[in-house]
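Work through the exercises below with the structure at hand. Try each task before reading its solution.

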Amino acid sequence: MIARRTLIGLVSALALWSAPAPAQTGADVVAIVDADAHTMSAAGRVTGATILIRGGRIVALGPDVEVPDGARVIDAAGGPVTPGLISSATHLGLVEVSSAQDTVDRSGSGGRLGAAFDVSRGLNFNSTLIPIARADGLTHGVVIPADSAGAPFAGSGALINVGEGTDLLERASIASFATVTGETTGGAGQSRSAEWIILEQALAAAGALDNRRPRDAGSLEDHLDWLNLLALRPLLSGAMPLVIRAKRESDLRQAAALGARLGIRVIVLDGEQAWRAADLLAARGVAVILDPTANLPVRFDEIGSRLDNAALLHRAGVAIGFYVSGLNMSHNVGQELRLNAGVAVANGLPWEAALEAVTAGAARIWGIADHAGALEPGRAADLVVWSGDPFEVTTWPVAVLVDGAVVSLETRQKRLRERYLPAAAEGQH
């Protein structure tokens, strides 16, 4: 359940919180009234709030905000309003049907591309899975590559904005990805030690690389090797982080040490045994992207998996973000993401911390906190009006806004249901 809290110093807070109402009115103005606003900002939770949106951005938020004439009004009826959900690792737009190879574009395993593989080139703007995720409250996702032929490097990921239209890609090359697990050692020297050595030596070679194409790179293979090294240079300048997919405690400690030695920002993906290295990860500023439901060790790397991993990491001060693994990396992303967050809450993670992991916390991890992940004046109006606690299975979005636009909650699946649902049974649902 969502705990009720008393707002202290409301009058003084509103002086800082409310921006002047816009002088103009019209179709571009949206007002959400009677909202239980979980702002995920310094303002905290604001009950009975009106959220005023104009030109795609929040311009005012508070209990005394006036609604201008002509505004489109959405009544939250006292229900929760949160920032739009952010999945910190997904294959949305890369995988439609996993068994249909012509709809799977998540890896560069068929050639020499490793770090230079770029998932943004293969995004399917017309995926039928995108409206489903959007209707479940997802507004942003980090699309990640799967393992490539150039192990341990997998390629670069992309940030997507799932608003309506074809402008799915918000930022290419948001991070570079590598994998060091027992599953990938066959591609990089039959040992995870070899993977770590190759990874660090590749970064060293990238630092010494001339940006110009070498004259002796006469073959396509030589040119691709040069491109792979060139793609690593933004890591060294701090322009993007290195995400290392690892599970075992020893690998997580290697990841933290690598970041410290090279002065680069490292993020861990998966981290089933991260709770064992929580203090080190917190001290080194290494964030962890995890699936809160991971607790059954399918492989030896996953021995030690536990459902309170997120709670233990949060308690140690580690920044966390959530994702959904397996088939749901592309299917039902929004729904499963919030239910996974609910599992984390059931296993000791505070409710607000779980919401942070799929909103403001994720935005900070991925460097988009300047416009996403929180509700406050000046930010993009990416938000969800919920029927109840968003982490409960019986809750659904009442309204979803992306960049201030109220998006349709209709999906192909809903239309098919309505088309084939017998008329006699329709009134019973």
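The exercises cover the chain as a whole, one helix, two loop residues, and the empty spaces.

The model is predicted, so local features need pLDDT of at least 70 and side-chain atom pairs count only at pLDDT 80 or more, while totals for chains, interfaces and linings use all residues. Residues are numbered from 1 along each chain as its sequence is written, and side-chain values use heavy atoms, with hydrogens and water left out.

**Exercise 1. Describe the chain in outline.**

Step 1. There are 13 helices and 16 strands in the chain. Helices (H or I, at least four residues) and strands (E, at least two) are DSSP runs, numbered from the N terminus.

Step 2. Of 429 residues, 52% count as buried. Buried means under 20% relative accessible area, exposed over 50%, and partly exposed in between, with a 1.4 Å probe and protein chains only.

Step 3. Among contacts with a separation of 6 or more, 67% join residues 24 or more positions apart. A contact means heavy atoms within 4.5 Å.

**Exercise 2. Check the span of helix H6 and find where its buried residues lie.**

Step 1. The expected span is 1.5 Å times one less than the number of residues. For the 14 residues of H6 (residues 249-262) this should give 20 Å, and the end C-alpha atoms are 20 Å apart, which agrees.

Step 2. Asp 251, Leu 252, Ala 255, Ala 256, Leu 258 and Gly 259 are the buried residues of H6. Seen down the axis, they fall within an arc of 155 degrees, so they line one face of the helix. The arc is taken from the directions from the helix axis to the C-beta atoms.

Step 3. The cover over these buried residues includes helix H3 (192-207), strand S10 (242-246), strand S11 (266-270) and helix H7 (278-284).

Step 4. After H6 comes Gly 263, with a positive phi near 70 degrees.

**Exercise 3. Decide for Met 40 and Ala 77: buried or exposed?**

Step 1. Met 40 sits in the loop between strand S1 (29-38) and strand S2 (45-54). Its phi is positive, about 55 degrees, although Met 40 is not a glycine. Met 40 counts as buried because its relative accessibility is 17%.

Step 2. Ala 77 sits in the loop between strand S4 (72-75) and strand S5 (80-83). Ala 77 is also a residue other than glycine with a positive phi, near 55 degrees. Ala 77 counts as exposed because its relative accessibility is 58%.

**Exercise 4. Describe the largest pocket and the largest cavity.**

Step 1. On a 1 Å grid over the protein atoms alone, a cavity is a set of points where a 1.4 Å probe fits but cannot get out; a pocket is an open set with protein on both sides within 12 Å along at least five of seven lines; lining residues have an atom within 4 Å of a point. Grid points are joined across faces, edges and corners, and a volume is the space filled by probe spheres set on the points.

Step 2. The largest pocket has a volume of about 680 Å³. It has 36 lining residues, and Arg 245, Lys 247, Tyr 323, Ser 325 and Gly 326 are the closest to its centre.

Step 3. One cavity of 30 Å³ or more is counted. The largest cavity holds about 50 Å³ of space. Its lining includes Ile 144, Phe 177, Arg 245 and Leu 269. Strand S9 (residues 169-179) gives the largest share of that lining, three residues.
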